[in-house]
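Visitor: I'd like a close look at one part of this protein, the place where two helices pack together. Could you start there and then work outwards to what surrounds it?

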Amino acid sequence: MAGTFALFAGTANAALAAAVARDLAVGLSDCAVERFPDGELTVRLLEPVRGKEVFLLQPTGPPVNDHLIELLAFADACRRAAAARITAVVPYFGYARADRRGGRREPITASLVADLLQAAGVQHVVTVDLHTPQAEGFFHCPVDSLTAVSTLCAALRDWPARDAVVVAPDAGRVPMATRYAQRLGTDLAVLHKRRLSGTETVVTHLVGDVRDRRCLLVDDIVATGGTIATSAATLREARARPELVVVATHGLLLPGARDRLGRAGVQEVVVTDTVAVPERDWPALRVVSVAPLLAAALRRFLADESLSDLY
Ligand code: R5P
């Protein structure tokens, strides 16, 4: 299999790339990324890609712009070196939240990123739990948006679902939370969140019954932890039980998030490794790998088999 395709990893998440390569029983393709003192970077492919199926594995998590430019440079290098097809495997898609104009005279940066990737030569995208499914529409090429819900539900198999409720922290997360609730066999509650700024949110409504129940707060991204902290306060006021667990696909866990979640009374945080998780030695944090999911997708992709049960 290794001769027919090349799997390059950017620098954003070396551990995940190594795990995917291990699962596929192939080596990562040889390349180098060099950063210059002025902040520019270049990449070099140290093996031929002419006529090959090429996968570029690079989540565009923090620092988002650096990782994005690196991915674009990889794609451009592959296109100029006559790769047959270039697939960007972007487990976390930075800027996905910028999927509409917040007001007049604002950009839709998710759409801009889609244009940039395609202009650089990307012909197919594989991603995980895209913030909004309709962001696929920013691409003209195929997008396979996989989901980590099954992976995360498997990690929650010992979580006591009896007397529990899955909580969506905002309307956008209702479809994802519904999948968790169905799989775990619980009820669903929904909060209505309003974002005041990049770090501040308020909850205005709670729909559903959380009183005396254990809550599992579900989100796609935990960045500053602000959404979770505000949601946790609302659940406490509504007399939910204190054993609060948070599950999210993308654990960006920016500086301050750990303290914020701790102060909010979160007992356990379960995330995947779509981005390299910055927190270590945090007993409340559990990281489960999406490497088997990505490897399964690439395997099927190479065999022209359907990926639909990975969505
Ligand atoms: C927002 O719509 C997302 O689904 C997440 O709730 C949000 O991005 C989390 O960010 P933070 O942790 O900074 O509140």
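Guide: Before the packing angle makes sense, here's what it's taken from: an axis is a line fitted to C-alpha atoms, for a helix over the stretch in contact, and the angle between two N-to-C directions runs from 0 to 180 degrees. Keep in mind, too, that this is a predicted model.

Now to the pair itself. Helix H2 covers residues 64-80 and helix H3 covers residues 109-120; their axes lie 8 Å apart, at an angle of about 25°. Angles under 35 degrees count as roughly parallel, so H2 is roughly parallel to H3. On the H2 side, the residues that meet H3 are Leu 68, Leu 71, Leu 72, Ala 75, Asp 76 and Arg 79. H3 answers with Val 113, Leu 116, Leu 117, Ala 119 and Ala 120. Sort the residues of this contact by type and you get nine nonpolar, two charged and no polar.

Follow the chain back from H2 and there's something to look at in the backbone. Pro 63 sits in the loop between strand E4 (53-57) and H2. The peptide bond leading from Pro 62 to Pro 63 is cis, with omega near -10°.

E4 takes us to the sheet. This is an open sheet of five strands, running in the order E1-E4-E5-E6-E7 with parallel pairing. Strand E1 (5-9) and strand E7 (143-146) are at the edges, and each of them pairs on one side only. On average, and ignoring direction, neighbouring strands here are turned by 15° against each other. Helix H1 (residues 14-24) packs on this sheet and touches E1 and E4, its direction making about 155° with that of E1. Zoom in on one pairing: strand E5 (residues 85-90) and strand E6 (residues 124-128) run in the parallel sense over four bridges. In that pair, Ala 88 stands opposite Val 125 in E6.

Past E6, have a look at Glu 136, which is in the loop between E6 and E7. It's partly exposed, with a relative accessible area of 32%. Leaving out residues up to four places away in sequence, Glu 136 touches Leu 130, Val 143 and Ser 145. There's also a link back in space towards where we began: the C-alpha atoms of Glu 136 and Ala 114 are separated by 8.8 Å, with their positions 22 residues apart along the chain.

Stepping back, the chain divides into domain 1 (2-147 + 291-310) and domain 2 (149-288). Their C-alpha centres are 27 Å apart. At the contact between them, 14 residues belong to domain 1 and 15 to domain 2.

Further along the chain, two backbone spots are worth checking. Asp 163 has phi near 60°, a positive value in a residue other than glycine. You'll find Asp 163 in the loop between helix H4 (149-155) and strand E8 (164-168), and at 42% relative accessibility it counts as partly exposed. Asp 212 also isn't a glycine, yet its phi is positive, at about 60°. Asp 212 belongs to the loop between strand E10 (201-207) and strand E11 (214-222). The cut-off for exposed is over 50%, so Asp 212, at 51% relative accessibility, counts as exposed.

Note on methods:
Residues are numbered from 1 along each chain as its sequence is written. This is a predicted model: local features need pLDDT of at least 70, side-chain atom pairs count only at pLDDT 80 or more; totals for chains, interfaces and linings use all residues. Side-chain values use heavy atoms; hydrogens and water are left out. Helices (H or I, at least four residues) and strands (E, at least two) are DSSP runs, numbered from the N terminus. Angles under 35 degrees count as roughly parallel, over 145 as roughly antiparallel, 65 to 115 as roughly perpendicular and the rest as oblique. Contact means heavy atoms within 4.5 Å. Ala, Val, Leu, Ile, Met, Phe, Trp, Tyr, Cys and Pro count as nonpolar, Asp, Glu, Lys and Arg as charged, and the others, Gly among them, as polar. Buried means under 20% relative accessible area, exposed over 50%, partly exposed in between (1.4 Å probe, protein chains only). Two strands pair if DSSP finds at least two bridges between them. Domain bounds come from an automatic or database domain assignment.
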